[in-house]
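Below is a set of questions and answers about how the terms used for a protein model are justified. Each answer sets a computed value beside the criterion that it has to meet.

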Amino acid sequence: MTTMTVQDKDRKLGEILKGMGQVMIAFSGGVDSTFVLKRAHQELGDNVLAAVAASETFPSREYDAAVQLAHDMGVRLHETTVSEFANANFVANNPDRCYHCKTGLYVHLQEIAKSMGYPYIIDGSNVDDLGDYRPGLKAKDEQGVRSVLQEAGLTKQEIRTLSKELGLPTWDKPSFACLSSRIPYGTRIDKDKIDQLDEGENFLLGLGFYQVRVRHHDKIARIEVMPQELTKAVEHHEAIAAKFQSLGFQYVTLDMTGYRTGSMNEVLQAAKESKAQ
């Protein structure tokens with residue numbers, strides 16, 4: 001079987017997009033959705049609409065950056081709002097939380113797409129997303145949202161490579177997930193926790209860290225930074241401790257394993273392995 005090159009996959013993506021004719025992109029301003037928005041705009045021009053949704057768990061810094069990026073790219077933009085806190089299943093924060101969040105978002109976007117005459121909604125899911133615990137993918141399939149990056153066989157690294165070639169400023173942007181993913185399953189999500197996490201991560205980013213996650217364990221803040229930046233975190237330990245204690249955390253910890261995506265899902269895997277024994 002012939003292995004497809006990155007260029008082959010990119011051409012396939014272009015063919016898929018051309019065949020769709022008119023699309024709405026669920027746009028977050030991240031690496032993946034920015035790339036697919038750029039390629040869709042290249043192939044379809046003004047038949048592309050970027051839909052950016054504000055919510056309680058999407059930091060304003062990310063929302064504002066996404067809106068600005070869409071303007072800079074010269075694409076049509078639709079700004080909207082969804083309320084995740086109005087969904088009791090989301091607030092309960094069970095392991096299927098993401099399913100309920102994405103269902104609410106995609107139902108809302110489908111209503112907008114229908115009213116504005118867009119036959120397709122596209123998200124930024126890539127091939128690598130298929131290997132993680134992502135209940136939101138079920139919601140995507142149920143609501144008929146297309147993942148053209150997956151259809152073209154593109155991985156995260158390939159998307160970064162192609163984004164760099166296109167001159168997109170997001171090619172090396174750190175991965176991001178909504179702030180609710182910082183709260184352990186079974187712990188109810190509320191505005192106070194989200195505000196703590198948002199302000200805490202903004203503070204760390206202001207210190208110049210490339211990638212951060214603050215995990216909320218009641219009175220304990222568990223901070224994840226890239227392994228190569230652990231020493232930097234220790235150097236700033238007094239300022240970090242003071243800031244997080246002012247936010248209401250009694251204990252401030254540094255995760256010595258460092259940042260890794262989906263660390264809150266590790267308890268699910270541990271429980272699965274325990275049952276199998």
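Q: Which residue follows H5, and what is the sign of its phi?
A: In this predicted model, H5 is followed by Gly117, and the phi of Gly117 is positive, near 85°.

Q: How do you know that H5 spans about what is expected of a helix with its number of residues?
A: H5 has 20 residues, and the distance from its first C-alpha to its last is 29 Å. The expected span is 1.5 Å times one less than the number of residues, which for H5 gives 28 Å, and the computed reach is close to that value.

Q: Which residues of H5 are called buried, and what do they pack against?
A: The term requires under 20% relative accessible area, and in H5 it applies to Arg97, Tyr99, His100, Cys101, Thr103, Leu105, Tyr106, Leu109, Ile112 and Ala113. The partners against which these buried residues pack are S1, S2, S3, S4, helix H4 (88–92) and helix H6 (136–142). H5 as a whole lies across S1, S2, S3 and S4, and runs at about 135° to S3.

Q: Why are S3 and S4 said to stand at the edges of their sheet?
A: The sheet is open and has four strands in the order S3-S2-S1-S4, with parallel pairing. Strand S3 (76–81) and strand S4 (120–122) each have a single partner strand, so one side of each is left without a neighbour in the sheet. From one strand to the next, the twist averages 30°.

Q: How do you know that S1 pairs with S4 and with S2?
A: Pairing needs at least two bridges between two strands. Strand S1 (residues 23–26) and S4 are joined in the parallel sense by three bridges, with Val23 opposite Tyr120 in S4. S1 and S2 also run parallel and are joined by four bridges, and the bridge partner of Met24 in S2 is Leu49. Both counts therefore satisfy the criterion of at least two bridges.

Q: What makes S2 a mostly covered strand?
A: Six of the seven residues of S2 are buried. Helix H3 (residues 60–73) packs on the sheet and touches strand S2 (48–54) as well as S3, with its direction at about 160° to that of S3.

Q: Why is Asn93 called buried, and what is notable about its phi?
A: Asn93 has 0% relative accessibility, and because buried means under 20%, Asn93 counts as buried. Its phi is near 60°, a positive value in a residue other than glycine, and Asn93 lies in the loop between H4 and H5.

Q: Why is Asp218 called exposed?
A: The relative accessibility of Asp218 is 61%, and because exposed means over 50%, Asp218 counts as exposed. Asp218 is found in the loop between S5 and S6, and its phi is also positive, near 60°, in a residue other than glycine.

Q: What makes S5 and S7 edge strands?
A: Three strands form an open sheet with mixed pairing, in the order S5-S6-S7, and strand S5 (212–217) and strand S7 (251–254) each pair on one side only. S5 and strand S6 (residues 220–225) pair in the antiparallel sense over six bridges, with Val214 opposite Ile223 in S6. Helix H9 (residues 191–206) lies across S5 and S6 at about 150° to S5, while helix H11 (residues 237–246) lies across S5, S6 and S7 at about 135° to S7.

Q: Why is the pair of Phe244 and Phe249 called tilted?
A: The structure holds two aromatic pairs. In the one formed by Phe244 and Phe249, the ring centres are 6.0 Å apart, which is within the limit of 6.5 Å. Their planes meet at 45°, which is neither under 30 degrees, as stacking requires, nor over 60, as edge-to-face requires, so the pair is tilted. Phe244 and Phe249 are buried.

Q: How do you know that Lys232 and Lys138 sit over aromatic rings?
A: The distance criterion is within 6 Å of the ring centre, together with a limit of 35 degrees from the ring normal. The charged end of Lys232 sits over the ring of Phe209 at 4.8 Å from its centre, and Lys138 lies over the face of Tyr99 at 5.3 Å from the ring centre.

Key. Residues numbered from 1 in each chain as written. Predicted model: local features only at pLDDT ≥ 70, side-chain atom pairs only at ≥ 80, totals over all residues. Heavy atoms only, no water. Axes fitted to C-alpha atoms, helices over the stretch in contact; angles between N-to-C directions. Contact = heavy atoms within 4.5 Å. Buried < 20%, exposed > 50% of the residue type's maximum accessible area, 1.4 Å probe, protein only.
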